[in-house]
Amino acid sequence: MAAQNITSVKQLAETPNLSSIPSNYTNPTDETKASEPGDSIPIVDLSLLKSDNADRRAKAIHDLDKACQEWGFFMVANHGIAEELMRGMIEVSAEFFNLSEEEKPEFQPANVLSGIRYGTSFNTATDHIFCWRDFLKLFVHPHFNSPAKPHSFRGVLMEYSERIRGVVSTLLKGVSESLGIEETEMEKALELSSSLQIFAANYYPRCPNPDMTLGMPPHSDHGLFTLLIQNQVGGLQIQHKGTWFNVNPPPNSILVNTGDHLEV
């Protein structure tokens, strides 16, 4: 089946009587299936990082340091972002992807560095094998960008982005202290208040051959932190000590991936 006229994987997935994916979506996958981790993904209690109790704060900093060094991933609990806001962000993102195929092309700029960028796979102009995903990427700080549709998207995104910056600030303070420096030293050195923040929403529709394609290939993330929330549909995996594990996040938690810049 050819997909030359397909502008989104959502459109492709909704093709009547689709029984197999096009050849340009066939992605060689690792035969080793992901498993449940023998050790739980670390959990960092953000409320303890902000605690006035020195012992509790010290323990939280120790847990954060250990998670960054041994896993590079951890779940954040008690982060202070309302569950309603997190659910609302997922819902308005779904509303965006459910816009008609005629409405979304206005958000497909030629410049990959545009503040608002909708697309499919990674870069269809250069991809040889496509990924089974559509995406929306937005630069939300220091300059805020948002699509005009759906109408509720902008307000939810603005509040969510501000709350996420607060979580990152708290985490960076904890990382600074774990390294034995003043809690605000990294924040000031990196000029966090004016640093680039990117929001990305990924849409993975049902697939007739899920074992033959990938939503995203194995990768690391640039930047300091990637903070990820998801709906109740599984599929997210992380690699730890050479083994792939399924991620089953606790309710109202945020998965944090330490980025390449932080590792450096």
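Two strands pair if DSSP finds at least two bridges between them, and helices (H or I, at least four residues) and strands (E, at least two) are DSSP runs, numbered from the N terminus. The structure is a predicted model, in which local features need pLDDT of at least 70 and side-chain atom pairs count only at pLDDT 80 or more, while totals for chains, interfaces and linings use all residues. Residues are numbered from 1 along each chain as its sequence is written, and side-chain values use heavy atoms, with hydrogens and water left out.

**Exercise 1. The open sheet**

Task: Work out in which order the strands of the open sheet of four strands lie, and which residue of E9 is the bridge partner of Val76.

Solution: Begin with the order of the strands, which is E1-E2-E9-E6, with mixed pairing in this open sheet. The edges are formed by strand E1 (43-45) and E6, each of which pairs on one side only. Next, take the neighbours one pair at a time: E1 and E2 are joined in the parallel sense over three bridges, and Asp45 stands opposite Ala77 in E2. Strand E2 (residues 73-77) and E9, by contrast, run antiparallel and are joined by four bridges. Within E9, Ile254 is the bridge partner of Val76, and Leu255 is the bridge partner of Met75. As a last step, consider how the strands are turned: on average, neighbouring strands of this sheet make an angle of 30 degrees with each other, direction ignored.

**Exercise 2. Two helices on the sheet**

Task: Find at what angle helix H3 and helix H5 pack, and which residues make the contact.

Solution: Axes are lines fitted to C-alpha atoms, for helices over the stretch in contact, and angles run from 0 to 180 degrees between N-to-C directions. Helix H3 (residues 54-70) and helix H5 (residues 153-178) have axes 9 Å apart and pack at an angle of about 90 degrees. The two helices are therefore roughly perpendicular to each other, since angles under 35 degrees count as roughly parallel, over 145 as roughly antiparallel, 65 to 115 as roughly perpendicular and the rest as oblique. From H3 the contact (heavy atoms within 4.5 Å) takes in Arg57, Ile61, Leu64 and Asp65, and from H5 it takes in Leu171, Gly174, Val175, Glu177 and Ser178. Now set the helices against the strands: H3 lies across E1, E2 and E9 and runs at about 150 degrees to E2, whereas H5 lies across E2, E6 and E9 and runs at about 135 degrees to E6.

**Exercise 3. Buried or exposed?**

Task: Decide whether Ser176 is buried or exposed, and do likewise for Asn17 and Glu191.

Solution: Start from the cut-offs, by which buried means under 20% relative accessible area, exposed over 50%, and partly exposed in between (1.4 Å probe, protein chains only). Ser176, placed in helix H5, has a relative accessible area of 0% and is therefore buried. Not counting residues up to four places away in sequence, Ser176 touches Ile181, Glu182, Glu183 and Met186. Asn17, found in the loop between H1 and E1, has a relative accessible area of 78% and so is exposed. Glu191, in the loop between helix H6 (185-189) and E5, counts as exposed because its relative accessibility is 52%. Then look at the backbone: although Asn17 is not a glycine, it has a positive phi of about 60 degrees, and Glu191, also not a glycine, has a positive phi of about 50 degrees.

**Exercise 4. Helix H4**

Task: Check whether the span of helix H4 (residues 83-97) agrees or disagrees with 1.5 Å a residue, and name what covers its buried residues.

Solution: The expected span of a helix is 1.5 Å times one less than its number of residues. The 15 residues of H4 should therefore span 21 Å, and its end C-alpha atoms are 22 Å apart, which agrees. The buried residues of H4 are Leu85, Met86, Gly88, Met89, Val92, Ser93, Phe96 and Phe97. Among the elements that cover them are helix H1 (9-13), strand E3 (116-120), strand E4 (134-141) and H5.

**Exercise 5. Two cis peptide bonds**

Task: State which peptide bonds to Pro142 and Pro150 are cis, and where these prolines lie.

Solution: The bond from His141 to Pro142 is cis, with omega near 5 degrees, and the bond from Lys149 to Pro150 is cis, with omega near -10 degrees. Pro142 lies in the loop between E4 and H5, and Pro150 is found in the loop between E4 and H5 as well.
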